Amino acid sequence: MSDVDRGGFISKVIGGKKRWRAHKARTRELPASYRTALEALERYLMYCGPGGDGERAESMFEDLIDLFEQSAANGTTIREIVGEDPVEFLEAFVRNYPDGKWRIRERKRLTSAIERAAGESTGSEGISR
């Protein structure tokens with residue numbers, strides 16, 4: 001790896017860590033209930049989340065904390081933020097980002113793959129092994 005390549009790689013890694021640490025510091029400043037809700041939403045996004053590159057995910061997390069900071073400052077309740085269905089809230093939130101559409105593509109890809117697999121297994125029905 002050349003020095004130029006190494007420098008770019010290191011700045012990406014260190015930049016991301018610094019950004020994440022700053023995000024977590026902001027999270028710690030939230031009132032406890034807002035912090036708990038935000039951390040739960042973040043955990044869901046980590047497992048089921050935005051996909052794409054780290055930059056887009058970081059932007060999404062920053063937008064979420066902006067929302068929670070503003071809501072806490074305005075006295076907006078957690079239910080007023082996320083509604084009755086936090087999963088639907090996050091699904092709608094993710095759809096606001098260009099890469100949120102990856103879920104639609106992946107759902108179609110999954111459905112198509114299962115249909116192909118089912119078709120393949122249908123072709124072998126009645127064949128004993």
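**Note on an all-helical predicted chain**

1. Of the 129 residues that make up the chain, 23% count as buried. The structure is a predicted model, and the remarks that follow should be read with that in mind. The accessible surface of the chain comes to about 9000 Å², and 55% of that surface belongs to carbon and sulfur atoms.

2. As to secondary structure, the chain has 6 helices and 0 strands, so that, read from the N terminus on, its elements run α-α-α-α-α-α. Among the contacts in the chain whose separation is 6 or more, 67% are accounted for by residues that stand 24 or more positions apart.

3. Two packed helices are described by the angle between their axes and the distance between the axes. For helix α2, which covers residues 32–48, and helix α5, which covers residues 86–95, the axes come within 11 Å and cross at roughly 60°. Because of that crossing angle, α2 is oblique to α5. The crossing of these two helices, α2 and α5, is right-handed.

4. Which residues make the contact between α2 and α5? On the side of α2 they are L41, Y44 and L45, while α5 contributes P86, V87, F89, L90, E91 and V94. When the residues of this contact of α2 with α5 are divided by character, 8 are nonpolar, none is polar and 1 is charged.

5. Helix α2 also holds A37, a residue that counts as buried because its relative accessibility is 16%, and the cut-off for buried is under 20% relative accessible area. If its neighbours within four places in sequence are left aside, A37 is in contact with F68 and I78. For the pair A37 and I78, the separation in sequence is 41 residues, whereas the C-alpha to C-alpha separation in space is 7.5 Å.

6. Is S71 buried or exposed? With a relative accessible area of 6%, S71 is buried, and this serine lies in helix α3, which spans residues 54–74. Leaving aside the neighbours of S71 within four places in sequence, the residues in contact with S71 are Y34, T76 and I81.

7. Taken together, the points a colleague may wish to look at in the structure are the right-handed crossing of α2 and α5, the contacts of A37 with F68 and I78, and the contacts of S71 with Y34, T76 and I81. Each of these should be weighed as a feature of a predicted model.

Technical notes
Residues numbered from 1 in each chain as written. Predicted model: local features only at pLDDT ≥ 70, side-chain atom pairs only at ≥ 80, totals over all residues. Heavy atoms only, no water. Axes fitted to C-alpha atoms, helices over the stretch in contact; angles between N-to-C directions. Helix = DSSP H or I, 4+ residues; strand = E, 2+ residues; numbered from the N terminus. Parallel < 35°, antiparallel > 145°, perpendicular 65-115°, else oblique. Left-handed = near helix turned anticlockwise from the far one by under 90°. Contact = heavy atoms within 4.5 Å. Nonpolar A, V, L, I, M, F, W, Y, C, P; charged D, E, K, R; others polar. Buried < 20%, exposed > 50% of the residue type's maximum accessible area, 1.4 Å probe, protein only. Areas by Shrake-Rupley, 256 points an atom, 1.4 Å probe, with all protein chains shown as cover.
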